[in-house]
Amino acid sequence: MLELLPEWHPQWGILLVWPKYISTLPAVEKNYANLVATILQEEPVLLICADEAHQAAIKEQLQRYHANMASLHWHFIANDIKETKDIAPLVTRHFHDLAMHVFDDKETVLSINWQLPVHVHNDLKLEAGAIGSDGRGNIIASKPHLLELNPHLDRQGIAQRIRGKFGTR
């Protein structure tokens, strides 16, 4: 059985996406740079951006906030990401082995070198905003969102697949 880790589980760092279109919104870009620089004071960041030119522009923004660039890790995804809420996989533990589980076959997610095994599940779509764990074997889920993500399944079908994958109540 897989254990879905709760949000407060110890982590390596933070995954953020810096969409290219943010440069057209100077106030937003300034706040985003401040946010990333602030996070870098406490933990590493894996920052996803479009390409090397985009990276150079971001570095310039971050240097204005004296960001800890040594804790910043980069990944390039060529396309301009408009919707960033569902690009990260869910992290699970099977005994003591951590792995990434992608509940969709999005190229964006699969193109990143996660440095953990990645398993793709095409029979059930999940997003971090639609499902969570309390760390005690219980899953908290947004029924309307899960039904929207999985139109081929009813409530019982979704619950059965979640129980089968995570062994939850």
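Buried here means under 20% relative accessible area, exposed means over 50%, and partly exposed is anything in between, using a 1.4 Å probe and protein chains only. Keep that scale handy, because Asp-51 comes out as partly exposed on it, with a relative accessible area of 27%.

Some ground rules. This is a predicted model, in which local features need pLDDT of at least 70 and side-chain atom pairs count only at pLDDT 80 or more, while totals for chains, interfaces and linings use all residues. Residues are numbered from 1 along each chain as its sequence is written, and side-chain values use heavy atoms, with hydrogens and water left out.

**The overall build**

The protein has 5 helices and 9 strands. Both are DSSP runs numbered from the N terminus: helices are H or I with at least four residues, strands are E with at least two. Reading from the N terminus, the order is β-β-α-β-α-β-β-β-α-β-β-β-α-α. Of the 169 residues, 40% count as buried. Take the contacts (heavy atoms within 4.5 Å) with a separation of 6 or more: residues 24 or more positions apart account for 61% of them. The protein exposes about 10,200 Å², and carbon and sulfur atoms supply 52% of that. Accessible areas come from the Shrake-Rupley method with a 1.4 Å probe, and for residues only the protein chains shown count as cover.

**Helix H2**

H2 covers residues 52–63, and its 12 residues should span 16 Å at 1.5 Å a residue; the end C-alpha atoms are 16 Å apart, which agrees. The expected span is 1.5 Å times one less than the number of residues. Which residues of H2 are buried? They are His-54, Gln-55, Ile-58, Gln-61 and Leu-62. These cover an arc of only 120° around the axis, so they sit on the same side of H2. That arc is taken from the directions from the helix axis to the C-beta atoms. The buried residues of H2 pack against H1, strand S3 (45–49) and strand S4 (72–76). On the face turned away from the buried side you'll find the exposed residues Glu-52, Ala-53 and Gln-63.

**Salt bridges**

A search of the whole structure turns up 3 salt bridges. To count, a side-chain nitrogen of Lys or Arg must be within 4 Å of a carboxyl oxygen of Asp or Glu.

| Pair | N to O distance |
|---|---|
| Lys-20 and Asp-51 | 3.6 Å |
| Glu-60 and Arg-64 | 3.2 Å |
| Lys-165 and Asp-123 | 3.2 Å |

Lys-20 and Asp-51 tie together distant parts of the chain, 31 residues apart: Lys-20 is in the loop between S2 and H1, and Asp-51 is in the loop between S3 and H2. Lys-20 is partly exposed, at 38% relative accessibility.

For the Glu-60 and Arg-64 pair, Glu-60 is partly exposed at 46%, whereas Arg-64 counts as exposed at 52%.

Lys-165 and Asp-123 also link distant parts of the chain, 42 residues apart, with Lys-165 in helix H5 (residues 155–166) and Asp-123 in the loop between strand S7 (118–120) and strand S8 (131–133). Lys-165 is buried, with a relative accessible area of 15%, while Asp-123 is partly exposed at 31%.

**A nonpolar patch**

Tyr-21, Leu-25 and Val-28 form a nonpolar patch on the surface, with about 230 Å² of accessible area together. Patches are built from residues with over 30% relative accessible area and no salt bridge, joining like charges within 9 Å and nonpolar side chains (Val, Leu, Ile, Met, Phe, Trp, Tyr) within 5 Å. Leu-25 is in the loop between strand S2 (14–17) and helix H1 (26–40), and at 38% relative accessibility counts as partly exposed.
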